[in-house]
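Trainee: Please take one part of this model and look at it closely. Then show me how it sits within the rest.

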Amino acid sequence: SAGNKGEKAKRIKIKDLPITKEEKRSLIVMLLALFLINNATEAIVPNFTNFALDTLNVAPIYSTLMMAVFAVSLALFGIPAGKMGQKLGRKKTIIIGLSAIVVMFIIYLTVSQFVSSQTFVWIVLWIALVVGGAAVGCVNINTLPLVLAIGGREYVGTFTGYYYTATQAAAVTGPILCGLVIGLFGNDYNYMFLFCAIFFAIGLAVITGVKHGEISKDEDAQWLKDAVDNAKDD
């Protein structure tokens, strides 16, 4: 059955794939970038309530509201992010998204450490959440299609497996590594943003090495859209 083929496909080693050496290199680089980027995104949610309680001194309801604003911004920017990926190229759109996140997080961290006005810090934080949500949308919407496009139609199952291996590994390591960084800075949860900015920045540097994964032909776009929809449903 197609399901069994998909399961077998996921176990193919990268070195055994019938794709060029350059495509294999792009795949490995992209999976490394995904791992780094997701270390940052996965660190935010489990630490955000503590950040709101310890640093902002607000009730948990406010941290829920803040994460909701972030999530709504991400969801609203999903379609524009997809259009950007088609128009500008997926890699370029991901780079724009990562750059925006790094800049916003560094601005917030700087303001939180050196500006005494709590009102101003709050304003910058809300802007960072809205811009951050949209920027993460640019990244999330375009990473899976880029990975699948490197493998092509024949290897959708295999490359979906690679994608989720990289992102799920990051879901384990991200919160742990971020917790260590916060601990190093005297449990100041503002440094969650430093951790995230560093991992996003390294992921941004790594992703510039990806040279494949763009599809320009309209007739190729439909199988890729179907493959992405199926992967997300699974």
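Mentor: A residue is called buried under 20% relative accessible area, exposed over 50%, and partly exposed in between, using a 1.4 Å probe and protein chains only. By that rule Asn57 is exposed, because its relative accessibility is 63%. This is a predicted model, in which local features need pLDDT of at least 70 and side-chain atom pairs count only at pLDDT 80 or more, while totals for chains, interfaces and linings use all residues. Residues are numbered from 1 along each chain as its sequence is written, and side-chain values use heavy atoms, leaving out hydrogens and water.

Asn57 is the part to look at. Asn57 sits in the loop between α2 and α3, with α3 covering residues 60-76. Helices here are DSSP runs of H or I with at least four residues, strands are runs of E with at least two, and both are numbered from the N terminus. The backbone at Asn57 has a positive phi of about 55°, although Asn57 is not a glycine. Most residues other than glycine have a negative phi. Asn187 can be set beside Asn57: its phi is near 60°, again positive in a residue other than glycine. Asn187 lies in the loop between α7 and α8, where α8 is residues 191-207. Asn187 counts as exposed because its relative accessible area is 51%.

Now the whole chain. What does the secondary structure come to? The protein has nine helices and zero strands. Its radius of gyration is 19 Å, close to the 17 Å that the globule rule gives for 234 residues, so the protein is as compact as a globular protein of that length. That radius is taken over C-alpha atoms, and the globule rule is 2.2 Å times the number of residues to the power 0.38. Along its principal axes the C-alpha trace spans about 60 × 35 × 30 Å. Of the 234 residues, 47% are buried. The accessible surface comes to about 11,900 Å², with 63% of it belonging to carbon and sulfur atoms. Such areas come from the Shrake-Rupley method with a 1.4 Å probe, and for residues only the protein chains shown count as cover.

The aromatic rings come next, starting in the helix before the loop of Asn57. Rings of Phe, Tyr and Trp (its six-membered ring) pair if their centres lie within 6.5 Å; planes under 30 degrees apart count as stacked, over 60 as edge-to-face and the rest as tilted. The whole structure holds 10 aromatic pairs. In one of them, Phe51 and Tyr108 meet edge-to-face, 6.2 Å centre to centre, with 85° between the planes. Phe51 is in helix α2 and Tyr108 in helix α5 (residues 90-114), so this pair ties together parts that are 57 residues apart in sequence. Both Phe51 and Tyr108 are buried. Tyr163 and Tyr164 are also an edge-to-face pair, because their ring centres are 5.1 Å apart and their planes stand at 90°. Tyr163 is buried, at 11% relative accessibility, whereas Tyr164 is partly exposed, at 27%. One aromatic cluster is made of Phe48, Phe51, Phe105, Tyr108, Phe193 and Phe200.

Tyr108 leads on to Val121 in helix α6, which runs over residues 118-151. A contact means heavy atoms within 4.5 Å. Apart from residues up to four places away in sequence, Val121 touches Tyr108, Val111, Ser112 and Val115. Val121 is buried, with a relative accessible area of 4%. Gln118, also in helix α6, is partly exposed at 44% relative accessibility.

Helix α7 offers a similar comparison. Thr160 is in helix α7 and is buried, with a relative accessible area of 9%. Setting aside neighbours within four places in sequence, Thr160 is in contact with Leu148 and Ala231. Leu177 also has its place in α7, which spans residues 156-184, but is partly exposed, with a relative accessible area of 33%.

Finally, Ile12 lies in the loop between α1 (2-9) and α2 (21-54). With a relative accessible area of 27%, Ile12 is partly exposed. Beyond four places in sequence, Ile12 contacts Leu17, Tyr155, Thr158 and Tyr162. Across the protein, 80% of the contacts with a separation of 6 or more are between residues 24 or more positions apart.
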